[in-house]
Amino acid sequence: MHEVREKAASALRRVKWLRDPMVVQALRSAAAASIAYVIAVRLTPDKSAAPLTAPLTALLVVQVTLYATLKMSFRRVNAVVAGVLVAILFSQLVGLSWWSLALVIVAALGVGHLVRAHEFVAEVAISAMLVLGVTSHGTLAWARVVETLIGAIVGLAFNLVLAPPVWVEQAGESIEGLARRVRQLMLRMGEEAAGHTAFHEAAARLHEARRLDHDIGEVDEDLRQAEDSLRLNPRVREGLLHRVVLRSGLDTLEICTVVMRVLARTFTDLAKEREPDPLFPPETGAAVEQLLAEIADAVVSFAVLVTTSVSDDAESAEERLSAQLRQAAVTRDRLAGLLLAQVQRDPRQWQLQGAVLTEVNRIIDEMDTEHRSRRLLEELDRHTREQRERMPRLTRLRDRLRARLRARPRRRKRGGAARRSS
């Protein structure tokens, strides 16, 4: 039985490894380069040298997402072809040496600006340097141009037929990881609020909350990569909705981390003012600990809801989040009564104690399901409006096609009703 479990776990690890986007991308690049090489061997007239320019160009072109391919493929191919032509010209006039390499770089950068390669200007020089090494001993310069076109076509075809990996799973794991780090920080802050917290301990939680900004930046990079992999990808339905859901979810978590930093600052100031006394009386501190624990669980549930793609799982995650937020609201109301009674007995630091209630209120409101739905609709409307303004002709054509498709079933229904009435 134990051996069967080990084999199943090993098979699961192999499947997961093969589905890893980095592995898939490496296999796609290798396959595209190999196919480009085979085609170039058959089509190029120069049989004296291996047609390495074709796989080199395919490798450069296939290393992008589908959206980046359709958006920037012409610039990239333009840059590669320009660099290859510069290298071919120099390989026919001079050999490969340190001074000719310097001239190639200067000439390639200048040509890159002339052909408007934009962000791929440096790639003109890179392609020229790489190709110069494989063309310095060749005799047929135009054969290298043919190889470049073969590699470019194969690379573009690979990205269109075999879509690049979708990086949504990695972005979802990053978002959930961020939510779990926020949860751990909330739990520690709640435990300290219920006990005797020294000023330096509260300050340590404040520095920990500030470090979450760095985590937000890393998650944002993963999300940008996922957004590019979703755009115009034939394997993904409703790519815009996925992008908006993930982006709005990260924005909400970012707001929660900012409020967490403010809450940690409030705890630090409160610990400084009340030292050596505890932050709150025992009953109030216990309520603060319970409230932060409930909000911490809701943060993780919110991240799971944002990153869940299956409708049934998303519905259960939304129900769980709503229940947790309702319970947190009940605890918040109880905490508000305790804080009011405490302020009436001892009005010192009432601003800081009121700020605690304000900050936890903000986090609960940000994760509210109605607030989230309203924000999603606003983001979808904004994207649609921007697309209409950016491509008005394409938008009008699409609207006309949709209107015709909607009109066809109506005509069929009317025709069927007329036949039945006759």
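Two cavities of 30 Å³ or more turn up in this structure, which is a predicted model. Rolling a probe the size of a water molecule over the atoms is what shows where empty space is left.

The largest cavity holds about 40 Å³ of space. Its lining is made up of S248, G249, T252, F302, R372 and R375. Two elements give two or more residues each to this lining, namely α10 (239-274) and α14 (369-390). Helix α10 supplies the largest share, with three residues. Sorted by class, the lining of the largest cavity comes out as one nonpolar, three polar and two charged residues.

Next comes the second largest cavity, with a volume of about 30 Å³. Around this space sit M189, E192, T197, A202, R205, F267 and L279. Here the elements giving two or more residues to the lining are α8 (168-193) and α9 (199-230). As for the chemistry of the second lining, four residues are nonpolar, one is polar and two are charged.

F267 is worth a second look, since this residue lines the second largest cavity and also takes part in an aromatic pair with F280. The count of aromatic pairs comes to one. The ring centres of F267 and F280 lie 6.1 Å apart with the planes at 70 degrees, so the pair is edge-to-face, the cut-off for that label being over 60 degrees. The two partners come from distant parts of the chain: F267 belongs to helix α10, while F280 falls in the loop between α10 and α11 (282-307), 13 residues apart. Both F267 and F280 are buried.

Stepping back to the chain as a whole, the fold is built with 15 helices and zero strands. Of the 422 residues in the chain, 42% are buried. Turning to contacts with a separation of 6 or more, 80% of them are accounted for by residues 24 or more positions apart. On the outside, the accessible surface of the chain comes to about 23,900 Å², and carbon and sulfur atoms account for 58% of that area.

Put together, helix α10 appears in both parts of this picture: α10 gives three residues to the lining of the largest cavity, and α10 also carries F267 of the aromatic pair.

How values were computed: Residues are numbered from 1 along each chain as its sequence is written. This is a predicted model: local features need pLDDT of at least 70, side-chain atom pairs count only at pLDDT 80 or more; totals for chains, interfaces and linings use all residues. Side-chain values use heavy atoms; hydrogens and water are left out. On a 1 Å grid over the protein atoms alone, a cavity is a set of points where a 1.4 Å probe fits but cannot get out, and a pocket is an open set with protein on both sides within 12 Å along at least five of seven lines; lining residues have an atom within 4 Å of a point. Grid points are joined across faces, edges and corners, and a volume is the space filled by probe spheres set on the points. Helices (H or I, at least four residues) and strands (E, at least two) are DSSP runs, numbered from the N terminus. Ala, Val, Leu, Ile, Met, Phe, Trp, Tyr, Cys and Pro count as nonpolar, Asp, Glu, Lys and Arg as charged, and the others, Gly among them, as polar. Buried means under 20% relative accessible area, exposed over 50%, partly exposed in between (1.4 Å probe, protein chains only). Contact means heavy atoms within 4.5 Å. Accessible areas come from the Shrake-Rupley method with a 1.4 Å probe; for residues, only the protein chains shown count as cover. Rings of Phe, Tyr and Trp (its six-membered ring) pair if their centres lie within 6.5 Å; planes under 30 degrees apart count as stacked, over 60 as edge-to-face and the rest as tilted.
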